[in-house]
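Dear colleague,

I am handing over the structure we spoke about, and below it I set out what was found around the ligand. Please read the notes with the coordinates open beside you.

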Amino acid sequence: MTKVNIGICGLGTVGSGTFNLLRTNVAEIARKTGVDMAVSHVGCRRDHPDCDLSHVKVSRDVFDVVNDPEVHIVCELIGGDDVALELVKQAIGNGKHVVTANKALIAVHGDELFQLANAKGVSIMFEAAIAGGIPIVKALREGLAGNQVHWVAGIINGTSNFILSEMESAGNRGFEEVLKQAQELGYAEADPTFDVEGIDAAHKLTILSSLAFGVPLNFAAMYTEGISEITVEDIGYADELGFKIKHLGITRKVQGSKADDVAGVELRVHPTLVPKAQMLSQVSGVMNAVMVGSDAAGATMYYGAGAGAGPTASSVVGDLIDLSRVMSKDSTATHLVQNLGFVPDAMQALPIIDITETVSCFYLRLKVHDDSGVLARITTVLSEHGIGIDSMIQKDATSGRALIALVTDSVVERNVDEAVLKLQSMDVVDGDIARIRVEMF
Ligand code: HSE
C-alpha cells in the first residue's frame, strides 16, 4: 500500500479536528483511497488537549514540518497571511502539496501561489477555506464543470448570519448585544470586524468567483459592506414587506450589449433583503448556504455548517483524499487536480463592474413629516430618477412624523444614490435614510 505522510501545521480548532478525523476514520479512508494515509509530523506552538500526539513527531517550529523530507502533503492550518504565506511558499519550493483552510491567503495571494505550484507540479487545495464543511469547491470545480455558471450567491459568514437571525427572532436585541453573544459562543474571528464588516465573506467570495468564472482572484476590487448598521427596526419592516435580511456574497457574470459579449463580473458582499419564500431566507443561525445558477443544471443550493472542528476537518481530509488518490496512481500527475478548475492559460481577466453600475431592487426606509403632500414629493423624486415602487408600508411615528418603508423595482444603483442624496436634503425628511439592496434568486 502506498504510504502518504501528512504534516499538520497548526493545532487549533481546525488542526486538531483534522488530526483526530484522520485517526478516527483511518480504515474508511484506506478503503476509499487504497493508500495508507497518516499524520507523521505536527508543528504547533503547544499541544492540544484533545489530540494524542504520542506516536507522531512534534515540532514547535512549523517550518520543521515543511522541511521534513518524509512529509508528502503539508496542511497549513495556522491562518493569517504572514507566516502562512512563507510556510506555503516553502512547502511548494520543497515540492510538497499543500492543503489549506486559509481564505485570506488564497483570496489575496492565490494567483501567485498557484503559479509557483504549477511550476513545481504540485497542488494547492482549499476546500476548507470556504463555507466549512460544504463541498462547494468540488461542486463548482467538478460536479458543475460542464456548465457555464451565471451567478453564485451565498451566506458565507456564519457569525453575521447568527447575529441577523438572533436580532430577527428576539426582536428587541440590537447588533452590539448579539455580537457579544457570538463572540462568547466562539463563532467570530479573532478580529470580529472581519465577520461583521464583511471581510471574511469577501475573502470567500473572491475565491468562489474565480472558481465560477475562471477569472483571476480579485479581492481588491470587491465591494464590501457589513451588517453593523442593520437595525432591529429594519428587520421588522423588511418582515412586514415579505423579506428577511441576510448578509450575502454575490458574484454574477453580466451580459454585454451583443450576444456572447460579457460586460464584466459583479463582486459584492452586503446585507440583502431576500423574499421569505426563497431558500436562502430559511438559512438561520451559524449555518452557511451557497446557491449557484448555471446554464444546464439551473439553480442548485449547498447547505451546511460553515465553521467548527468537524465540518472544516471534513473538507481538509476530503482534499487529502483527492490528492492521495492521484498520488497513488501517478505521483507526477497531481497537477491534474487543477487549483481553480480552469487550465491556467485559459484564465481570463474580466472587468469588475462598479457597484454603482449594478442593477437591483432597493429597500428604502425614511422618516418624514406627517403632512399632506409629503408622500407625493417623495415619490416624485423617486420617479424623476427612474425608480418605480413595488411595495410600501407607512406607519405613524412620534411627534408628527411618519415612517415609510418601501421596496423599489429594479434600478441602476447610481440612480438610487442620486435619489437618496436628494431625499436626504429635503426639509420634510428627518434623520438618515436606510438603503438595503434586494435580490431574488
Ligand atoms: N468566522 C467565520 C464565520 C468562520 O463566522 O463564518 C468560518 O470561516
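A polar contact is taken here as a pair of N or O atoms within 3.5 Å. Please keep in mind throughout that this is a predicted model.

With that cut-off in hand, an oxygen atom of the ligand lies 2.6 Å from an N or O atom in the side chain of Lys103, and the side chain of Thr159 likewise has an N or O atom 2.6 Å from a ligand oxygen. For Asn157, the corresponding distance between a ligand oxygen and an N or O atom of the side chain is 3.4 Å. On its own the ligand has 250 Å² of accessible area, and the protein covers 89% of that.

The residues surrounding the ligand include, besides these three, Gly158, Tyr187, Glu189, Asp195, Asp200, Lys204, Gly306 and Ala307. By class, this shell divides into five charged, four polar and two nonpolar residues, and α7 (158-170) and α10 (199-213) each supply at least two of its members.

The ligand takes up space that belongs to the largest pocket, which holds about 1400 Å³. Its lining comprises 49 residues, and those nearest the centre of the pocket are Val14, Ile78, Gly79, Lys103 and Glu189. Two or more lining residues come from each of α1 (13-24), α5 (103-120), α7, α9 (193-196) and α10. In the lining as a whole, 20 residues are nonpolar, 17 are polar and twelve are charged.

Best regards

Notes:
Residues numbered from 1 in each chain as written. Predicted model: local features only at pLDDT ≥ 70, side-chain atom pairs only at ≥ 80, totals over all residues. Heavy atoms only, no water. Near = heavy atom within 4 Å. Polar contact = N/O pair within 3.5 Å; in protein donor to acceptor, adjacent residues only side chain to side chain. Areas by Shrake-Rupley, 256 points an atom, 1.4 Å probe, with all protein chains shown as cover. 1 Å grid on protein atoms, 1.4 Å probe; cavity = no way out; pocket = protein on both sides within 12 Å on 5 of 7 lines; lining within 4 Å. Sits in = over half its atoms within 2 Å of the grid points. Helix = DSSP H or I, 4+ residues; strand = E, 2+ residues; numbered from the N terminus. Nonpolar A, V, L, I, M, F, W, Y, C, P; charged D, E, K, R; others polar. Points joined across faces, edges and corners; volume = space filled by probe spheres on them.
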